[in-house]
Amino acid sequence: MYALEIIYSFFLYPHLKNTIPMHIGIGSVDSLTNAKYTIFLLPIVCIMASCVLKSEVVDSKYIEGSPTDNILKTLFFLLQVLLVIGSVYYFYVLSMYYTI
C-alpha cells in the first residue's frame, strides 16, 4: 500500500500547487507549507511505523499467545489501519483540492 503511495507521490508532485497542507484535520486544513516535498514524508513515516509495529517485534518481547501479546498485536494492527486510512485521506485531499 505504501509503495503505491510513494509512486502516486511522484506522479502527483509536478501537479501540486506551491502551497500544500502539512496537517489536515477533519473538515479543515490546519497548516500550510511551501515545501511540496513533504508529500513524501507520510509514506516514509508509515513504512517506518509498520516495521516497528510488526508482530515479530511483539513476539520477541512477550510470550507468543499470551494475553499481552494478543492485545498488543491487535492494537498495533488497528494503529496500522488508522495510518492507512489517514494517508489515503491525505492524498485524496491533495489530489482533489491542491492540484493545478
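Me: Buried means under 20% relative accessible area, exposed means over 50%, and partly exposed lies in between (1.4 Å probe, protein chains only). Why is F40 called buried?

Reply: F40 has a relative accessible area of 19%. The limit for buried is under 20%, so F40 is called buried. The model is a predicted one, in which local features need pLDDT of at least 70, side-chain atom pairs count only at pLDDT 80 or more, and totals for chains, interfaces and linings use all residues. Residues are numbered from 1 along each chain as its sequence is written, and side-chain values use heavy atoms, with hydrogens and water left out.

Me: What makes T38 and Y90 buried?

Reply: T38 has a relative accessible area of 7%, and Y90 has a relative accessibility of 9%. Both values fall under the limit, and therefore both residues count as buried.

Me: How do you know that L4 is exposed?

Reply: The relative accessible area of L4 is 59%. Exposed begins over 50%, so L4 is exposed. Its place is in helix 1, residues 2-12. L4 and V88 are 84 residues apart in sequence, while their C-alpha atoms are 10 Å apart in space.

Me: What counts as a helix or a strand here, and how many of each does the protein chain have?

Reply: Helices (H or I, at least four residues) and strands (E, at least two) are DSSP runs numbered from the N terminus. The protein chain has four helices and two strands, and along the sequence they follow the pattern α-β-β-α-α-α. F40 is in the loop between strand 2 (28-33) and helix 2. T38 lies in the loop between strand 2 and helix 2, and Y90 lies in helix 4.

Me: Which residues does F40 touch, not counting residues up to four places away in sequence?

Reply: Contact means heavy atoms within 4.5 Å. With those residues not counted, F40 touches S9, F10 and Y13. S9 is 31 residues away from F40 along the chain, yet the two C-alpha atoms are separated by 6.4 Å. With the same residues left out, T38 touches I20, M22 and T33. Y90 is in contact with I20, P21, I24, I39 and L42, leaving aside neighbours within four places in sequence. The C-alpha atoms of Y90 and I24 are 7.1 Å apart, with their positions 66 residues apart along the chain.

Me: Why are helix 2 and helix 4 called roughly antiparallel?

Reply: Two packed helices are described by the angle between their axes and the distance between the axes. Axes are lines fitted to C-alpha atoms, for helices over the stretch in contact, and angles run from 0 to 180 degrees between N-to-C directions. Helix 2 (residues 41-52) and helix 4 (residues 67-97) pack at about 170 degrees, with axes 11 Å apart. Helix 2 is therefore roughly antiparallel to helix 4, since angles over 145 degrees count as such (under 35 roughly parallel, 65 to 115 roughly perpendicular, the rest oblique). L42, P43, C46, A49 and S50 of helix 2 make the contact with Q80, L83, S87, Y90 and F91 of helix 4.

Me: What makes a set of residues a nonpolar core, and which residues make up the largest one?

Reply: A nonpolar core is a set of buried Ala, Val, Leu, Ile, Met, Phe, Trp, Tyr and Cys residues joined through side-chain atoms within 4.5 Å. The largest has eleven residues: L12, L16, I20, I24, I39, F40, Y90, F91, V93, L94 and Y98. Strand 1 (20-25) and helix 4 each supply at least two residues of this core, and the largest share, four residues, comes from helix 4.

Me: How does the radius of gyration of the protein chain stand against that of a compact globule, and what are its spans?

Reply: The radius is taken over C-alpha atoms, and the globule rule is 2.2 Å times the number of residues to the power 0.38. A compact globule of 100 residues would come near 13 Å, but the protein chain has 16 Å. Its C-alpha trace spans about 50 × 25 × 15 Å along the principal axes. Buried residues make up 28% of the 100 residues.
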